[in-house]
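Thanks for making the time this morning; I would like to walk through one model with you. Please have the sequence and the three-dimensional view open while I talk.

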Amino acid sequence: MLTNFSYIRPKSLREAVKALASDGAGLHAGGTDLLGCLRDHVFDIKKMVSISGLKELDGIRETADGGIRIGALTTVSKVAENPFLKKHYAALAQAAEAVASPQLRNQGTIGGNLCQKPRCWYYRGEFHCLRKGGEKCFAVAGENQYHCILGGGPCFIVHPSDTAPALVAHDASVRIVGPKGTRTIAVEKFHVLPGVDARRETMLGPGEIVTEIVLPPSQGVRSTYRKVRDRSAWDFALAGVALAIQLNGDVVSKARVVLSGAAPIPWRSKDAEQVIIGQKVDGTVASKAAEAALRNARPLSQNGYKVPMFRALIEEELEAIIRKA
Ligand SMILES: Cc1cc2nc3c(=O)[nH]c(=O)nc-3n(C[C@H](O)[C@H](O)[C@H](O)COP(=O)(O)OP(=O)(O)OC[C@H]3O[C@@H](n4cnc5c(N)ncnc54)[C@H](O)[C@@H]3O)c2cc1C
């Protein structure tokens with residue numbers, strides 16, 4: 001049963017920020033993640049502040065410089081189906097298409113997708129784990145087949161969002177509004193490693209709201225997102241990769257390689273990028289890049305299978321994106 005809370009629907013962003021300032025307030029967008037957390041008592045709230053009626057946060061618009069702004073309340077379906085995004089920011093549209101099920105994509109928002117809570121079964125279950133202020137991460141000696149292989153410790157969650165790695169690959173930023181004003185932060189810097197703070201997932205401070213996501217002009221970047229999961233119906237990534245590549249002739253001039261299902265944050269592999277930048281990518285280069293991406297992997301007792309899975313995925317996707325030329 002849900003714990004009682006009050007419910008308000010502010011009429012403006014300003015009202016929403018004010019309402020969120022009180023102790024125990026929680027933000028509601030599409031509710032597909034939040035309501036599950038409340039039902040399972042992962043955390044409780046005293047007041048639900050629903051921004052779902054704020055029309056100004058919905059929609060996809062081209063910017064004057066040829067980039068894109070996506071309002072935080074834009075549904076994941078709209079992101080997946082937008083023809084401009086499909087053409088110029090393919091990794092993002094493909095990642096959105098890979099999220100959950102049609103029903104969840106129709107209700108869930110892109111802002112909520114970036115800010116959702118992790119899916120670790122200890123965190124979501126009745127365990128007073130590190131992330132809830134407890135003493136230990138139960139995954140270390142427990143059932144850890146879906147946990148992270150990179151960037152873990154002292155907590156070993158994997159970051160759950162499909163769109164976040166694609167947004168990092170596209171060098172996107174989030175615009176945030178809060179009690180102290182407005183700020184913009186790169187999506188790459190938005191999520192927090194447990195080694196920095198195991199109790200929070202994002203850089204959001206109290207009362208702060210993500211209002212929009214800003215993508216720079218795509219400038220002919222070729223991109224892709226692929227996700228491997230246990231089954232082909234809705235499921236989170238066991239392993240995923242977002243690639244954004246710029247070519248000068250046959251040679252890679254810019255690259256971003258970002259993994260999902262690997263780490264507690266979308267995991268950008270600069271090691272893999274360094275291998276391919278300045279190179280004509282063939283099977284050997286792709287294999288070296290995949291090797292470099294996994295060099296620092298530290299699997300737990302039951303998730304060692306992810307290492308060869310990621311290697312194969314990165315190698316295959318690098319070769320595929322070059323072939324699309
Ligand atoms: C069965 C199931 C399967 C799923 N599968 C996937 C999947 O494969 N891939 C995937 O990426 N996700 C998946 N999800 C997660 C989730 O439903 C979606 O990511 C969805 O996009 C979340 O958006 P929402 O608007 O419903 O968020 P909400 O539930 O409203 O919010 C989620 C969290 O983000 C915070 N939040 C929401 N919007 C903002 C904002 N604008 N600013 C600041 N904080 C905000 C809320 O306070 C809350 O803590 C799945 C969920 C379920 C239930």
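I will go through the ligand site, then the nonpolar cores, and then some backbone details.

A word on provenance: this is a predicted model, in which local features need pLDDT of at least 70 and side-chain atom pairs count only at pLDDT 80 or more, while totals for chains, interfaces and linings use all residues. Residues are numbered from 1 along each chain as its sequence is written, and side-chain values use heavy atoms, with hydrogens and water left out.

Let me begin with the ligand. It is surrounded by 33 residues, of which the closest are L27, T32, L34, T109 and N113, where a residue counts as near if one of its heavy atoms lies within 4 Å. By class, this shell holds 17 nonpolar, 11 polar and 5 charged residues; here Ala, Val, Leu, Ile, Met, Phe, Trp, Tyr, Cys and Pro count as nonpolar, Asp, Glu, Lys and Arg as charged, and the others, Gly among them, as polar. At least two shell residues come from each of β2 (25-28), α7 and β8, and α7 gives the largest share, with 4 residues. Helices (H or I, at least four residues) and strands (E, at least two) are DSSP runs numbered from the N terminus.

Which backbone atoms lie close to ligand oxygen? A polar backbone atom of G31 is 2.8 Å from an oxygen atom of the ligand, one of A100 is 3.0 Å from a ligand oxygen, and a backbone N or O atom of C115 lies 3.4 Å from one, the cut-off for such a polar contact being a pair of N or O atoms within 3.5 Å. The ligand taken alone exposes 970 Å², and the protein buries 93% of that, with areas from the Shrake-Rupley method and a 1.4 Å probe.

A100 deserves a second look, for although it is not a glycine it has a positive phi of about 40°. This residue sits in the loop between α5 and α6 (102-107) and, at 22% relative accessibility, counts as partly exposed; the classes are buried under 20% relative accessible area, exposed over 50%, and partly exposed in between (1.4 Å probe, protein chains only). Q219, in the loop between β8 and β9 (222-228), also has a positive phi, near 45°, and is exposed at 56%. The peptide bond from G153 to P154 is cis, with omega near 0°, and P154 is in the loop between α8 (121-124) and α9. As background, most residues other than glycine have a negative phi, and most peptide bonds are trans.

Turning to the interior, the largest nonpolar core has 36 residues, and those with the most contacts inside it are I70, L92, V174, I213 and L215. Such a core is a set of buried Ala, Val, Leu, Ile, Met, Phe, Trp, Tyr and Cys residues joined through side-chain atoms within 4.5 Å. Elements giving it two or more residues include β5 (68-71), α5 (90-97), β6 (173-178) and β8 (209-215). A second, separate core of 29 residues includes I245, L259, F310 and L318.

Finally, A72, in the loop between β5 and α3, is buried, with a relative accessible area of 3%. Beyond its neighbours within four places in sequence, A72 is in contact (heavy atoms within 4.5 Å) with residues including L57, T109, I110 and E212.

Key. A polar contact is a pair of N or O atoms within 3.5 Å; within protein, one must be able to donate a hydrogen and the other to accept it, and residues adjacent in sequence count only if both atoms are side-chain atoms.
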